[in-house]
Amino acid sequence: MKTFLCILTLVASNVFAMDITATSWLVADGEGKIIQSESPDISRSIASITKLMTVMVVVDAGQNPKQVINGFTREQHIQLALVHSSNKSATILCDSYPGGRIQCIRDMNTKAVAIGMNNTRFIEPTGLSPMNTSTAKDLVQLVLSASYYPSIREASSTSQVKIKIRKKWFFFNNTNPIIGKRHEFIVSKTGWTTIAGGCIVMMLNTDIGKRVVVVLGSKDTHTRIPEAEFIALYS
């Protein structure tokens, strides 16, 4: 059901309002206290937001970040999974995990419970499966935990990954196109599938303090970021 979010904010004598297409959304402060929300407990497919948890358990495993796997180092695969949302890199990271993919997925679900994501389920590392599900409220805990990982913070403020292989450079743009243009991002991860719709989670610094924003089921990849910005700044 489409929600019309009408938040009145006086800035330079202008009144702001936006038609929010997201099925589920919320904004919380830097401690995770919810400020405003719509259907935060509804379970939905989360698409590539999944990759935050994939990277977290990979980093937790303490494997050599410089080890080359399928042409890139593990460190580069982490950046590609987060910045460019590479499904291939997320799969490689999980398949090369101690104990293989089965153990990787098991540890993703174990960590979810450990950080308070009790209504979350992962069955694969990329988010392509509609069975990777969570709630907006659970995803606040994911963002808060992700903010303590230097590799995630770095990726969240990186507009483009540049990798040199032999004598050739490869460039991979961030799926969040406003990174490097506005806002100070601490965590950012987008997602999209036909079933999940447009998704994004982010933590950013604002003039009124840190804000955690979750948007699930937005109309498309063009609406998710404007909606998240609006929710962050005007609620």
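Which residue forms a salt bridge with Lys-66, and how far apart are the closest N and O atoms? The first close-up takes that up; note that every view here comes from a predicted model.

**View 1. Glu-75 and Lys-66 pair up.** Glu-75 is the partner of Lys-66 in this salt bridge, with 2.7 Å between the closest N and O atoms. Glu-75 is partly exposed, its relative accessible area being 37%. Lys-66 counts as exposed, at 53% relative accessibility. Glu-75 also turns up in the lining of the largest pocket, so keep that residue in mind for the next view.

**View 2. The largest pocket and what lines it.** This pocket holds about 220 Å³ of space. Three helices each put at least two residues into the lining: H1 (50-60), H2 (74-83) and H6 (150-156). H2 is the biggest giver, with 4 residues. Among the lining residues are Val-58, Val-59, Arg-74, Glu-75, Ile-78, Gln-79, Ser-151 and Glu-154. Gly-62, Gln-63 and Pro-65 belong to the lining too. By type, the lining is a mix of 4 nonpolar, 4 polar and 3 charged residues.

**View 3. Asp-41 meets Lys-137.** Here is one of the 5 salt bridges found in the whole structure. The side chains of Asp-41 and Lys-137 come together with an N to O distance of 3.2 Å. This pair ties distant parts of the chain to each other, the two residues being 96 apart. Asp-41 sits in the loop between strand S6 (34-38) and strand S7 (44-45), while Lys-137 belongs to helix H5 (residues 136-146). Lys-137 is partly exposed, with 37% relative accessible area.

**View 4. Asp-95 and Arg-101.** Another salt bridge joins Asp-95 to Arg-101, and the closest N and O atoms are 2.8 Å apart. Both ends have some access to the outside: Asp-95 counts as partly exposed at 40% relative accessibility, and Arg-101 is partly exposed at 37%. As a reminder of what brings such pairs about, side chains of opposite charge can pair when their charged atoms come close.

**View 5. Helix H4 and its two sides.** H4 covers residues 100-114, and its 15 residues should span 21 Å at 1.5 Å a residue. The end C-alpha atoms are 21 Å apart, so the helix agrees with that expectation. Now for how H4 is packed: Gly-100, Cys-104, Ile-105, Met-108, Lys-111 and Ala-112 are buried. These buried residues cover an arc of only 160 degrees around the axis, and therefore lie on the same side of H4. Ile-102, Val-113 and Ala-114 are exposed on the other side.

**View 6. Ala-47, with a positive phi.** Most residues other than glycine have a negative phi. Ala-47 goes against that habit, with phi near 50 degrees. Look for Ala-47 in the loop between S7 and H1. Is this alanine buried or exposed? Ala-47 is buried, with a relative accessible area of just 1%.

**View 7. His-183, also with a positive phi.** His-183 is not a glycine either, yet its phi is positive, at about 75 degrees. The loop that holds His-183 runs between strand S12 (168-173) and strand S13 (184-193). At 31% relative accessibility, this histidine counts as partly exposed.

Definitions and conventions: Residues are numbered from 1 along each chain as its sequence is written. This is a predicted model: local features need pLDDT of at least 70, side-chain atom pairs count only at pLDDT 80 or more; totals for chains, interfaces and linings use all residues. Side-chain values use heavy atoms; hydrogens and water are left out. On a 1 Å grid over the protein atoms alone, a cavity is a set of points where a 1.4 Å probe fits but cannot get out, and a pocket is an open set with protein on both sides within 12 Å along at least five of seven lines; lining residues have an atom within 4 Å of a point. Grid points are joined across faces, edges and corners, and a volume is the space filled by probe spheres set on the points. Ala, Val, Leu, Ile, Met, Phe, Trp, Tyr, Cys and Pro count as nonpolar, Asp, Glu, Lys and Arg as charged, and the others, Gly among them, as polar. A salt bridge is a side-chain nitrogen of Lys or Arg within 4 Å of a carboxyl oxygen of Asp or Glu. Buried means under 20% relative accessible area, exposed over 50%, partly exposed in between (1.4 Å probe, protein chains only). The expected span of a helix is 1.5 Å times one less than its number of residues. The arc is that of the directions from the helix axis to the C-beta atoms.
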